[in-house]
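Me: I would like a close look at a single part of this model, set in the context of the whole chain. Please give one connected account.

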Amino acid sequence: DFRRFSSQSYVAYLRRQLDLLRAHAVADQRITHNLMGFGVGEVDYAALTAGLDFVSWDNYPAGWPGTTWTHTALAADAMRGFKPPRVWVMEQQVGPLGWEYVRSPRRGQVRLFTYQAIAHGADTVVFFRWRTARFGTEQHWYGILDADGVVGRRYRDVERLAAELDELALLADAVPDAEVAVLHDYDSRFALQIQPANAALAHEATVHRWYAALRRLGVGADVVPAGRDISRYRLVVVPSMPIVDEHVAAQLSAYVEGGGTLVVGPRAGVRDVTGAIPNRRMPSGLVELLGVEVVEIASGDVSAGLQGGLTGTFDGWFEELAVVDATSLATYADGDFADGAAVSERRVGGGTAVYVGGAAGEELLGSLFRTLCARAEITVHDVPGDVEVLCLRSGDERFLMVLNHGEEERRVNLATGETIALPKFDVTFVRR
């Protein structure tokens, strides 16, 4: 409740500013506010952006330790998901940056980062900054020009990139073309900031792990706030949603009955909107849809191997499932829950509802999503882990953008039949 109240206070303050600005704005003026990517968990961005004319955000891919291309991609898709189909990047990294520790992008990465932002729906990319500041806390956030104002390499790199983009007519109206949705929810996020129960269940890391598993298969994914329309997607995944209200539960049921494939992660429905434990069977609100009940949990620095139709492990957290009206996609290979259901599925109407009874590792998620994408006729690409493939559409035309985030040339075999040798930090397009 306190976290929700704090978030609502920020939202109310922004709306107050919007009301003041709109009283003086002319008809063709639009209002935005730059967000800070998926990593910010203090404010409900879905509520914050409701009154904006369009969403913008700040993109610093080489600024933080441990950041991979999938983290940046998740941030971009999450920001676009609040007001699709397009966003602005209000601050795009153009040089070294940091406070006590300065980190520099490699040669060619600023071009790569810009193409990645465009591929994820950026209509405008604004570089931060024009000239490096001589004063203040961001003296080491280098701009297109150094503090002396002399034209150098970064200026010439941006100049070449701008000229290159001017020649790419196919990008003018292109938007991401995703068949999968990743649902997230800020009440659930607030709840797990207080008691995640196990580090393996941390909300941001869990959403990223599921999203990254899809993206490493070359599958496009929209990142969608809970409650938005999901009817057009072939596959919807819900990695981390301990709070499932009645509206969302009804929406998920209707989606599956209408022919969609739904995948729900562990600990779904274990809290109500005030953080209390519901006086119902778990996963609360979804038992009938999923056809299973959670009857016991195991938590600690442990792993559980799986057997059957999927490969991989649960790490840190896993659940004993009572199958009420479902079948097993995979069972436990060992431990206290040996031979019991670990991943279940239930056919409902024209669709399928899947429950993942533990904190799934990368191998297991890859195995699961590859299986479900094949059923749903969603194309996957067997590409190296540091190669990103995105499907975009412009009018009736669809094409792939392929980005090599690796530090060596990569050979890319696409499902479309093309084989590409892509130099490090380079980008190419494949028409479909």
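How many helices and strands does the chain have, and where does alanine 333 lie?

Reply: The model is a predicted one, and its chain has ten helices and 20 strands. The radius of gyration is 23 Å, close to the 22 Å that the globule rule gives for 432 residues, so the chain is as compact as a globular protein of that length. Its C-alpha trace spans about 70 × 55 × 45 Å along the principal axes. Of the 432 residues, 53% are buried. Among contacts between residues at least 6 apart in sequence, 66% join residues at least 24 apart.

The surface and the charges complete this outline. About 19400 Å² of the chain is exposed, and carbon and sulfur atoms supply 49% of that area. There are 42 positive and 56 negative side chains, and the centres of the two sets lie 5 Å apart.

The part requested is alanine 333, which lies in the loop between strand 12 (327–332) and strand 13 (341–348). Alanine 333 counts as partly exposed because its relative accessibility is 36%, a value between the limits of 20% for buried and 50% for exposed. Leaving aside residues up to four places away in sequence, alanine 333 touches Gly305, Leu306, Gln307 and Ala338. A further residue to consider is alanine 304: it stands 29 residues from alanine 333 along the chain, and the two C-alpha atoms are separated by 7.4 Å.

The strands that flank this loop are paired with each other. Strand 12 and strand 13 run antiparallel and are joined by four bridges; alanine 330 stands opposite valine 343 in strand 13. Strand 12 also pairs with strand 10 (residues 292–308), in the antiparallel sense and over three bridges. Here alanine 330 of strand 12 is the bridge partner of glycine 308. Alanine 330 therefore has a partner in each pairing, since glycine 308 is bridged to it and valine 343 stands opposite it.

Elsewhere in the chain, four strands form an open antiparallel sheet in the order 5-16-17-20. Its edge strands are strand 5 (175–176) and strand 20 (427–431), each of which pairs on one side only. Strand 5 pairs with strand 16 (residues 387–394) in the antiparallel sense over two bridges, and proline 176 has leucine 392 of strand 16 as its bridge partner.

Note on methods. Residues numbered from 1 in each chain as written. Predicted model: local features only at pLDDT ≥ 70, side-chain atom pairs only at ≥ 80, totals over all residues. Heavy atoms only, no water. Buried < 20%, exposed > 50% of the residue type's maximum accessible area, 1.4 Å probe, protein only. Contact = heavy atoms within 4.5 Å. Rg over C-alpha atoms; globule rule 2.2 N^0.38 Å. Areas by Shrake-Rupley, 256 points an atom, 1.4 Å probe, with all protein chains shown as cover. Lys, Arg positive; Asp, Glu negative; His and termini not counted. Charge placed at Lys NZ, Arg CZ, Asp CG, Glu CD. Pairing = 2+ DSSP bridges.
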